Amino acid sequence: MGKLIYSTSLREFDIDDRALAHLRVAILTKLRRAESFAFTWEHGVERGSGRTTMWMHESIPVLFVFSGNRAPKLNRIWIEELILSASSTAGLHLVAEPESSEPFEID
């Protein structure tokens, strides 16, 4: 289980390493383009339900911390769906991973 740490606050958000790796690519792609967006995810029943939304902006520090030491093969289709989601008026939502026959790696 990895962590997304946003801004200088002490808040950390637990996100599965595989999902976090895909979010990392999508978020950094948007921020590198200087495109701000909202990021919303549901906490899940095990964390008391509810959801969190935060504004992602290039001037606010973001840190991705992975618990595993191996980067997963990435699903290009999932990354594209995440980037499209981030570009919508609703903002980025962590959607389920679609099937893909084209995994790739990013260093």
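## Close-up views of a predicted model

**View 1. Strand 3 is a mostly covered strand, with 5 of its 6 residues buried.** Welcome to the predicted model; this tour starts at residues 37–42, which make up strand 3. On one side, strand 3 joins strand 4 through 6 bridges, and the two pair in the antiparallel sense. Look for F39 here: the bridge partner of F39 in strand 4 is M54. Strand 3 also pairs with strand 7, this time in the parallel sense and over 2 bridges. Which residue of strand 7 stands opposite T40? That residue is H93.

**View 2. Strands 4, 3 and 7 come together as an open sheet.** The order of the 3 strands is 4-3-7, and the pairing is mixed. Why is one side of strand 4 and one side of strand 7 left without a neighbour in the sheet? Strand 4 (51–56) and strand 7 (92–93) stand at the edges and each has a single partner strand, so one side of each lacks a neighbour there. Now bring helix 1 into the picture: residues 17–32 form this helix, which lies across strand 3, strand 4 and strand 7. Helix 1 runs at about 160 degrees to strand 3.

**View 3. A second open sheet is built from 3 strands in the order 2-1-5.** In this sheet the pairing is antiparallel. Its edge strands are strand 2 (12–15) and strand 5 (62–65), and each of them pairs on one side only. From one strand to the next, the twist averages 20 degrees. Strand 1, made of residues 2–6, is joined to strand 5 by 4 bridges. One pair to pick out is K3 with V65, its bridge partner in strand 5. Helix 1 packs on this sheet too, touching strand 1, strand 2 and strand 5. The direction of helix 1 makes about 155 degrees with that of strand 5.

**View 4. I5 is a residue to look for in strand 1.** Is I5 buried or exposed? Its relative accessibility is 16%, and the cut-off for buried is under 20%, so I5 counts as buried. What lies around I5? Setting aside neighbours within four places in sequence, I5 is in contact with R11, E12, P61, V62, L63 and V65. Take L63 from that group: I5 and L63 are 58 residues apart in sequence, and their C-alpha atoms are 5.0 Å apart in space.

**View 5. Helix 1 and helix 2 cross at roughly 50 degrees.** Two packed helices can be described by the angle between their axes and by the distance between those axes. Here, helix 2 spans residues 76–87, and its axis comes within 9 Å of the axis of helix 1. Helix 1 and helix 2 are therefore oblique to each other, and their crossing is right-handed. To find the contact, follow R18, A19, H22, L23, V25, A26, T29 and K30 along helix 1. On helix 2, the residues that take part are W78, I79, L82, I83, A86 and S87. How many residues of each class does this contact have? Between helix 1 and helix 2 there are 9 nonpolar, 3 polar and 2 charged residues.

Terms used
Residues are numbered from 1 along each chain as its sequence is written. This is a predicted model: local features need pLDDT of at least 70, side-chain atom pairs count only at pLDDT 80 or more; totals for chains, interfaces and linings use all residues. Side-chain values use heavy atoms; hydrogens and water are left out. Two strands pair if DSSP finds at least two bridges between them. Contact means heavy atoms within 4.5 Å. Axes are lines fitted to C-alpha atoms, for helices over the stretch in contact, and angles run from 0 to 180 degrees between N-to-C directions. Angles under 35 degrees count as roughly parallel, over 145 as roughly antiparallel, 65 to 115 as roughly perpendicular and the rest as oblique. A crossing is left-handed if the near helix is turned anticlockwise from the far one by less than a right angle, and right-handed if clockwise. Ala, Val, Leu, Ile, Met, Phe, Trp, Tyr, Cys and Pro count as nonpolar, Asp, Glu, Lys and Arg as charged, and the others, Gly among them, as polar. Buried means under 20% relative accessible area, exposed over 50%, partly exposed in between (1.4 Å probe, protein chains only).
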